[in-house]
Structure formats: C-alpha cells, structure tokens
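Student: Hey, got a minute to go through this one with me?
Tutor: Sure, let's pull it up.

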Amino acid sequence: MAGLPGGPNHNRANNSEWNTPMHIADLGDVKLHYRIDGDPNGAPVVFGNSLGTDLRLWDQVLPLLPQNLKFIRFDKRGHGLSQLTPGPYSMGTLVRDTERLLDHLKVKDCVFVGLSIGGMIAQGLAVKRLDLMRAMVLSNTAAKIGQPAM
C-alpha cells in the first residue's frame with residue numbers, strides 16, 4: 001500500500017514509526033504487538049482494525065485527531081507483529097485477548113474505535129467488560145458476520 005511503512009512510496013527517513021520502540025504484551029498464551037501514541041496522560045482511545053490489516057491502518061487517521069488523547073493500537077492474534085498461534089480464532093478468543101491487553105495496559109473508560117471485526121470485538125468487550133469502555137465508534141461491522149455454512 002502506498003504511504004504505509006514498507007509500501008512503494010514509503011520514506012523511512014521521514015517516518016517517526018521507525019524511531020518508536022516496539023511493545024509486546026506477553027499475555028501467557030499469546031504475545032500481542034501494540035503501540036501507544038499521543039499524550040500518555042490523555043483519555044484513552046483504542047483502535048481495533050479489520051482482518052488482514054495491522055495497526056498501521058490508522059497511521060493516516062491519528063494526525064487528524066486531537067493530540068491530547070492517548071491512542072492505543074494493537075495487532076490482533078495472527079496479524080502484524082503479534083504472535084501467530086494455531087487457529088482457528090473464535091470471537092471469544094479475540095475479545096479475551098483485547099480484554100487482557102487493556103488490563104495489562106491498565107486501561108479503563110476508553111473510547112473503542114472498531115472497524116469490521118474490530119467493531120465486533122468492541123461489541124463483545126462492551127457486553128463482557130463495560131468497565132473498560134465508555135463509548136464505541138463502530139464502522140463497517142455487525143453483531144454477527146457470515147453463517148457457519150459459508
């Protein structure tokens with residue numbers, strides 16, 4: 001993808017991502033890659049992206065948002081720099097991974113921005129652990145996607 005790190009139009013010298021330390025949360029059965037940007041003391045905004053993408057999906061969005069917020073992005077199990085564990089991955093597993101990551105980071109009362117399966121994770125998390133979020137922004141998602149026969 002043009003403009004994303006590693007893409008054909010990417011210029012590493014001008015991208016601060018290459019100067020940011022990599023963070024891995026060891027949650028026991030999986031290691032998840034995450035990144036925190038913005039104000040470390042700001043209100044937390046957590047981003048959950050779609051299947052087949054990694055946390056860089058949000059790179060062009062973050063500069064457009066108020067910089068007094070704490071932006072938390074992560075790669076789901078089997079995506080980006082997170083650990084690839086034996087599949088398949090159930091929604092319960094992905095919700096539990098996200099719950100444990102937010103507990104690991106001591107996040108409470110976040111706004112969760114979820115795209116596609118990230119939105120499904122947000123909904124599952126809201127049902128299970130409403131203490132972790134105060135609001136959701138859901139895009140291109142549903143309560144259920146697909147049928148077992150598909």
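Student: What share of the residues in the protein is buried?
Tutor: Keep in mind this is a predicted model. Of the 150 residues in the protein, 43% are buried.

Student: And how much area does the protein expose?
Tutor: About 8,300 Å², with carbon and sulfur atoms supplying 57% of it.

Student: OK, the fold. How many helices and strands does the protein have?
Tutor: Two helices and six strands. Starting at the N terminus, the order is β-β-β-β-α-β-α-β.

Student: For contacts with a separation of 6 or more, what part comes from residues 24 or more positions apart?
Tutor: That part is 63%.

Student: Switching to backbone stuff. Where is the cis peptide bond?
Tutor: Between G87 and P88, with omega about -5°. P88 sits in the loop between β4 and α1.

Student: T85 is in that loop too, right after β4 (69-74) and before α1 (91-104). Is T85 buried or exposed?
Tutor: Buried, because its relative accessibility is 11%, and the cut-off for buried is under 20%.

Student: Which residues does T85 touch, leaving out those up to four places away in sequence?
Tutor: D29, V30 and R77.

Student: What about positive phi outside glycine?
Tutor: S116 has phi near 60°, and N140 is at about 50°. S116 lies in the loop between β5 (110-115) and α2 (117-128), while N140 is in the segment after β6 (133-139).

Student: How accessible are S116 and N140?
Tutor: S116 is partly exposed at 22% relative accessible area. N140 counts as exposed, at 64% relative accessibility.

Conventions. Residues are numbered from 1 along each chain as its sequence is written. This is a predicted model: local features need pLDDT of at least 70, side-chain atom pairs count only at pLDDT 80 or more; totals for chains, interfaces and linings use all residues. Side-chain values use heavy atoms; hydrogens and water are left out. Helices (H or I, at least four residues) and strands (E, at least two) are DSSP runs, numbered from the N terminus. Buried means under 20% relative accessible area, exposed over 50%, partly exposed in between (1.4 Å probe, protein chains only). Contact means heavy atoms within 4.5 Å. Accessible areas come from the Shrake-Rupley method with a 1.4 Å probe; for residues, only the protein chains shown count as cover.
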